[in-house]
Amino acid sequence: MRCPFCNHNGSRVLDSRPVHEGRAIRRRRECEKCEQRFTTFEMVEEQPLIVVKKEGSREEFSREKLLRGLIRACEKRPVPLERLESLVVEIERALRQAGVTEVPSKEIGEMVMERLMEIDEVAYVRFASVYRQFKDINVFVNELEELLNRSRNALVEEKKRGGTV
């Protein structure tokens with residue numbers, strides 16, 4: 001590693017630690033010549049993940065954009081920000097592990113709704129109403145009825161297993 005102070009091409013690592021959820025390594029270094037200390041970061045170069053929108057346009061996947069949508073859906077709900085951040089990381093990890101370079105926005109929306117339903121049902125309905133672009137109250141009511149049926153079925157299954165409700 002070249003020293004940013006004297007341009008010498010030798011340094012020794014004093015300390016290394018993972019950063020950015022283990023996606024990078026921060027290294028404290030010291031130049032062998034001038035003994036100045038500096039920090040470097042080492043990270044895996046990831047292949048860009050492209051989102052194909054409904055109208056066919058393409059844009060790079062944005063954790064920040066997804067997180068903003070989740071925060072909006074969970075506004076005034078008892079959902080910690082850390083949970084939403086981990087949800088975004090979980091979704092991105094699943095997409096990258098699938099080995100695809102392009103993913104339809106519809107697929108991402110479905111992944112979000114599937115997980116958001118387990119976190120907070122009100123946030124799920126809010127997200128679904130924007131994502132699915134409910135055209136009228138009947139579509140909204142149908143979605144709520146489906147949600148209620150899933151909740152009822154889950155309660156019945158829990159009772160069958162002898163769990164408490």
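**View 1. A look into the second largest pocket of this predicted model.** By class, four nonpolar residues, one polar residue and six charged ones make up the lining of the second largest pocket. The space inside comes to about 180 Å³. On the list of lining residues you'll find Arg23 and Ala24, then the run Met43, Val44, Glu45, Glu46, Gln47 and Pro48, and finally Glu60, Arg63 and Arg96.

**View 2. Now the largest pocket, with about 700 Å³ of space.** Which residues sit closest to the centre of the largest pocket? Out of 23 lining residues, those are Lys53, Lys65, Leu66, Phe127 and Tyr131. Strand S5 (58-60), helix H1 (63-73), helix H3 (105-119) and helix H4 (121-131) are the elements that each give two or more residues to this lining. H1 gives the most, with six residues. Sorted by class, the lining of the largest pocket has nine nonpolar and nine charged residues, plus five polar ones.

**View 3. Helix H4, its buried residues and its start.** The buried residues of H4 are Ala123, Tyr124, Val125, Phe127, Ala128 and Tyr131. Two of these names, Phe127 and Tyr131, also turn up among the residues closest to the centre of the largest pocket. For the start of H4, look at aspartate 120: one of its side-chain oxygens comes to within 3.1 Å of the backbone nitrogen of valine 122.

**View 4. Serine 11 and its surroundings in strand S1.** Is serine 11 buried or exposed? It counts as buried, because its relative accessibility is 16% and the cut-off for buried is under 20%. Strand S1, where serine 11 has its place, covers residues 11-19. The side chain of serine 11 makes a polar contact of 3.3 Å with the side chain of arginine 29. Leaving aside residues up to four places away in sequence, serine 11 touches Met1, Arg29, Glu30, Cys31, Glu32 and Phe38.

**View 5. The hairpin of strands S2 and S3.** S2 (residues 24-31) and S3 (residues 37-43) pair in the antiparallel sense, and seven bridges hold the count for this pairing. To pick out one bridge, start at arginine 27, whose partner in S3 is threonine 40. Five residues lie between the two strands of the hairpin.

**View 6. Positive phi at two residues, glutamate 35 and asparagine 7.** Glutamate 35 belongs to the loop between S2 and S3. Its phi is near 65 degrees, which is a positive value in a residue other than glycine. Why does glutamate 35 count as exposed? Its relative accessibility is 58%, and exposed means over 50%. Asparagine 7 isn't a glycine either, yet its phi is positive at about 70 degrees. You'll find asparagine 7 in the segment before S1.

**View 7. Arginine 152 in helix H5, with serine 57 for reference.** H5 spans residues 137-160, and arginine 152 is part of it. At 48% relative accessibility, arginine 152 counts as partly exposed, because that class takes in whatever falls between under 20% and over 50%. Along the chain, arginine 152 and serine 57 are 95 residues apart. In space, 40 Å separates their C-alpha atoms.

Notes. Residues numbered from 1 in each chain as written. Predicted model: local features only at pLDDT ≥ 70, side-chain atom pairs only at ≥ 80, totals over all residues. Heavy atoms only, no water. 1 Å grid on protein atoms, 1.4 Å probe; cavity = no way out; pocket = protein on both sides within 12 Å on 5 of 7 lines; lining within 4 Å. Points joined across faces, edges and corners; volume = space filled by probe spheres on them. Helix = DSSP H or I, 4+ residues; strand = E, 2+ residues; numbered from the N terminus. Nonpolar A, V, L, I, M, F, W, Y, C, P; charged D, E, K, R; others polar. Buried < 20%, exposed > 50% of the residue type's maximum accessible area, 1.4 Å probe, protein only. Polar contact = N/O pair within 3.5 Å; in protein donor to acceptor, adjacent residues only side chain to side chain. Contact = heavy atoms within 4.5 Å. Pairing = 2+ DSSP bridges.
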